[in-house]
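Please work through the following exercises with the sequence and the model side by side, trying each task before reading its solution.

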Amino acid sequence: MRNGTEPSLRRSRRLPMSSPLTKGSLLALATVFSVWVLGRTFLFLRDATLPQWFLALAAIVWGVGGSMLLFTLLANFVEQFPPRWRRGLVPLVFVGPAAAIVVIYLALPALRTLIQSFYDAKGENFVGLANYVYAFTSQEMLVSFRNNFLFWLLFGTGFSVILGLIVAVLADRTHPVFERIVKAVIFMPMAISMVGASVIWKFVYEYRPAGVNQIGLLNAVLTALGGEPRAWLLTPFWNNLFLVAIFIWLQTGFAMVVFSAAIKAVPEELLEAGRIDGANEVQVFLHITLPNIRGSVLTVTTTIILVALKIFDIVQSMTGGNYGTQVIANVQYTQMFRLFNYGRAAAVAMVLLAVVLPIMIYNLRDFSKRTEAF
Amino acid sequence: MSRNSPASVQRRKSHLTPGRILVYAILIFLVVIWITPTLGLLVSSFRPAEDVRSTGWWTVFTQQSEARFTLDNYRYALGLPVQGQVVNPRYKTVGLQNAILNSLAVAIPSTVIPILIAAIAAYGFAWIRFPGRRWLFILIVGLMSVPLQVSLIPILRDYIKIGLNGTYLGVWLAHTGFGLPLAVYLLYNYISTIPRDIFESAFIDGASHFTIFTRLILPLSTPALASFATFQFLWTWNDLLVALVFLSADSSTQVLTQRLLGLMGSFGQDWHLLTAGAFISMILPLTVFFLLQRYFVRGLTAGSVKE
């Protein structure tokens, strides 16, 4: 550290170039210059008509290299200040960027969206609560509430958690190799995009009129058993269940992995003690395993509830929100991007915030308790 | 009490009782259900267009004599020349090669930039004392579950105003903003548990925070960095909403998920292309996922198991 008050042998041999003042001004200059160069390159890359692969590569180098360069320059720049200044500036360099980005991208926009929700489509005239009247009484929002809460939250989260728990518990009792294969298969969909998953499931739900070769798996099975083929995705109310099935297929793996780790952390002696007392496996699970992994169950459930309430991709790609499958996030997207009604879109976004608020508050309280020792 | 002797424990683990057969049966049943849809898509992607349209994919197993396979779907999807066939001119616009590059150009910086910023911040929160530390930390991490929908409109309007709309930079910053709370949380959990004496000696030697961070903390935090990197890469590569909102202006910058959505909508009958396209979009995330699974799982279970 550069204290200046305790000259050491090594420092006295340095050139005058390395005095904090010179070094600081050089670094400041370098920072300003880098920002200028990065800005120019950005404009160049934005407007350039070069081969796509080159632009992509240049963009990656620009973004990753630029942010590293700026941090290095700034961090070394503040080191040149006397200790008293440094104490205030160093945290700013370390924590400042993250705090600024989060405020600019999450905290402020939330406030601005709240204000926007009281204005009309173009955000020009104050309309009071009109957008909220729409958000709570319009047909599509009422359908969305039903779908988000009944289907996505209740069925989607419920089945994902329960199936995840079942697989975790059962796989724990099988041969290790078998267990690993089962877990890999159930977990795999986590890596797939919801759009990709929707493509996969289109081939399961595809419907052709009776008498024609069925190319969708579900209808093929149904007709092979002597039933009539059905248009699964076009049947209002029930089609939601088929969309939720995709969600369960995607989320069960997440639940399973967390539960599996938690179950393996339950001490074997506890389970054995229960068995010695004459409990059967179901009782051991209900009275020993389950209470021990309560924390994990809670975390997984709240995490999946958040995903379920914000569900968008599956609905957008499977039905576009038609045939009674509308959800809140899709209404928000449609109002914002298809109808350009920013006021309504903002109100619907605030509704979405409101429905996840209980979980946010729960998480925050849990979290502030944990950081008390800070 | 011979039932509870070690020998009986051993027996319960190795013998095939009806209960154990049931356990295996249930799991095999679930595995079949889980894997069949993906298998169907994989098989379909190697079948000729007319076969995909007219018969189910399982017929390649049930009527093996009539099964035909081709790589043409992948050739079309990747914009490669297809020999001996008149190419439907519409397919020329289908090529996903640009979309693959765009997905990479979006996902890689969107993963690296937040990691860098979050690691720096996590170090700051863990090892630099300053007033308001706790509240700032709670503010950042508390925003973790805010639906990003509340941010879209104001940011979109700002982007249009300053010319960031439709640019990669705009998408990177958006992904960075939405991913930072989780990143700071995960990395803080890890960095704050690094033993203090490791850097005490470095401090005494006169090292600056910058040196300690880059030379000591970053290398030591590799597992946590890898854990979050896997999350963020999967999230940004698979994302649809952020791409739709901030990239949709220009079809040349569209990413894979957007193109797949387009294929599903406008080319409903061109399923053979959709199959290949969907698989192309899955290869990279699946590879990353299985290579870094250890770190990914560690990230998933961090903090939720110990409570």
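A residue is called buried when its relative accessible area is under 20%, exposed when it is over 50%, and partly exposed in between, with a 1.4 Å probe and protein chains only. This is a predicted model, in which local features need pLDDT of at least 70 and side-chain atom pairs count only at pLDDT 80 or more, while totals for chains, interfaces and linings use all residues. Residues are numbered from 1 along each chain as its sequence is written, chains are lettered from A and ligands numbered from 1 in the order in which they are written, and side-chain values use heavy atoms, with hydrogens and water left out.

**Exercise 1. Salt bridges in chain A**

Task: Find the salt bridge between E281(A) and R275(A), and decide whether each partner is buried, partly exposed or exposed.

Solution. Start from the criterion, which asks for a side-chain nitrogen of Lys or Arg within 4 Å of a carboxyl oxygen of Asp or Glu. The side chains of R275(A) and E281(A) meet it, with an N to O distance of 2.8 Å. Next, turn to accessibility: R275(A) counts as buried because its relative accessibility is 12%, whereas E281(A), with a relative accessible area of 28%, is partly exposed. Then widen the view, since R275(A) and E281(A) belong to a network of salt bridges that also links R173(A), E268(A) and E272(A). Over all chains, a search of the whole structure gives 13 salt bridges.

**Exercise 2. Two salt bridges in chain B**

Task: State where the partners of the R68(B)–E50(B) and R75(B)–D72(B) salt bridges lie along the chain.

Solution. Side chains of opposite charge can pair when their charged atoms come close. In the pair of R68(B) and E50(B), the closest N and O atoms are 3.6 Å apart. This pair links distant parts of the chain, for R68(B) sits in the loop between α4 (59–62) and α5 (72–78) of chain B and E50(B) in helix α3 (residues 49–54) of chain B, 18 residues apart; the helices are DSSP runs (H or I, at least four residues; strands are E, at least two), numbered from the N terminus. R68(B) is partly exposed at 39% relative accessibility, and E50(B) is partly exposed at 48%.

For the other pair, R75(B) and D72(B) meet at 2.8 Å, N to O, and both lie in helix α5 of chain B, three residues apart, which is about one turn of the helix. Here R75(B) is partly exposed at 30% relative accessibility, while D72(B) is buried at 12%.

**Exercise 3. A nonpolar patch on chain A**

Task: Identify the residues of the nonpolar surface patch, and say which helix gives the largest share of them.

Solution. First recall how patches are built: their residues have over 30% relative accessible area and no salt bridge, with like charges joined within 9 Å and nonpolar side chains (Val, Leu, Ile, Met, Phe, Trp, Tyr) within 5 Å. The members are L150(A), L154(A), F155(A), F159(A), F237(A), W238(A) and L241(A), which together have about 630 Å² of accessible area, a value from the Shrake-Rupley method with a 1.4 Å probe, for which only the protein chains shown count as cover for residues. Helix α6 (residues 139–171) of chain A gives the largest share, four residues.

Now look at two members individually. L241(A) is in helix α10 (residues 239–264) of chain A and is partly exposed, at 31% relative accessibility. F237(A) is placed in the loop between α9 (217–224) and α10 of chain A, is partly exposed at 33%, and has a positive phi of about 75 degrees although it is not a glycine.

**Exercise 4. Another positive phi**

Task: Locate F340(A) and give its phi angle.

Solution. F340(A) is found in the loop between α15 (328–338) and α16 (342–370) of chain A. Its phi is near 55 degrees, a positive value in a residue other than glycine.

**Exercise 5. Separation in sequence and in space**

Task: For D51(B) and I283(B), set the sequence separation beside the distance in space.

Solution. D51(B) is in helix α3 of chain B and is buried, with a relative accessible area of 10%. D51(B) and I283(B) are 232 residues apart in sequence and 24 Å apart in space, C-alpha to C-alpha.
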